[in-house]
Amino acid sequence: MSLEDMLARGPVDREELETDKERLLEEVRAYRLRELREGAALTQVELAERLDVSQNRVSKIEHGAVVRAQVETLRRYAEAVGGELHVEIEIAGRRVEIA
């Protein structure tokens, strides 16, 4: 799409922009998880066995379904690749770790 095409479309649709932004962030998170798994020299099948989930579930997590994954599954994922999961709530700039 050229600059002229973008200008001809008119003002930016903020809702569409936020949707696209969230989709891209999910993809980046998923890519990072895959990198961690590969860095731990684990296949999706091996990781799925450690997590007691299907290989298909690991694949979905690594293709953007991170925010829909259960916290316990993500915790076990983090531990399987040598890390820890930290969950926090942010309210008015204040962060509270809850897990």
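**Close-up views of a predicted model**

**View 1. Arg-14 is part of helix H2**. This model is predicted, with a pLDDT of at least 70 required for local features and 80 or more for side-chain atom pairs, while totals for chains, interfaces and linings take in all residues. Residue numbers run from 1 along each chain as the sequence is written, and side-chain values rest on heavy atoms, without hydrogens or water. Helices (at least four residues of H or I) and strands (at least two of E) are DSSP runs numbered from the N terminus. Arg-14 counts as exposed because its relative accessibility is 60%; the cut-offs are under 20% for buried and over 50% for exposed, with partly exposed in between (1.4 Å probe, protein chains only). Do look across to Ile-89 as well: 75 residues separate Arg-14 from Ile-89 along the chain, and their C-alpha atoms are 25 Å apart.

**View 2. Helix H2 covers residues 14–39**. Its 26 residues reach 37 Å from the first C-alpha to the last, close to the expected 38 Å (1.5 Å times one less than the number of residues). Four residues to pick out along H2 are Glu-26, Ala-30, Leu-33 and Arg-37, which are buried. The buried residues of H2 pack against three helices: H3 (44–51), H4 (55–61) and H5 (71–80). Following H2 comes Ala-41, with a positive phi near 60 degrees.

**View 3. Glu-26 is a buried residue of H2**. The relative accessible area of Glu-26 is 14%, so this residue counts as buried. With neighbours within four places in sequence set aside, Glu-26 is in contact (heavy atoms within 4.5 Å) with Gly-64, Val-67 and Arg-68.

**View 4. Thr-73 sits in helix H5**. Thr-73 counts as buried because its relative accessibility is 8%. Its contacts, not counting residues up to four places away in sequence, are Leu-51, Val-53 and Ile-61.

**View 5. The largest pocket is lined by 15 residues**. A pocket is an open set of points on a 1 Å grid over the protein atoms alone, where a 1.4 Å probe fits, with protein on both sides within 12 Å along at least five of seven lines; lining residues have an atom within 4 Å of a point. Nearest the centre of the largest pocket lie Leu-33, Val-66, Leu-74, Ala-78 and Leu-85. Helices H2 and H5 each contribute at least two residues to this lining. Leu-33, to be found in this view, is also one of the buried residues of H2.

**View 6. The second largest pocket has Met-1 and Asp-20 among its lining residues**. Also in the lining are Met-6, Arg-9, Gly-10, Pro-11, Val-12, Asp-13, Glu-16 and Leu-17. H2 supplies three residues, the largest share of the lining of this pocket.

**View 7. Asp-52 and its backbone come into focus in the loop between H3 and H4**. Asp-52 is not a glycine, yet its phi is positive, near 60 degrees. With a relative accessibility of 69%, Asp-52 counts as exposed.

**View 8. Ala-92 lies in the loop joining two strands, between E1 (88–91) and E2 (94–97)**. Here is another backbone angle to check: although Ala-92 is not a glycine, its phi is positive, about 50 degrees. Ala-92 has a relative accessible area of 84% and is therefore exposed.
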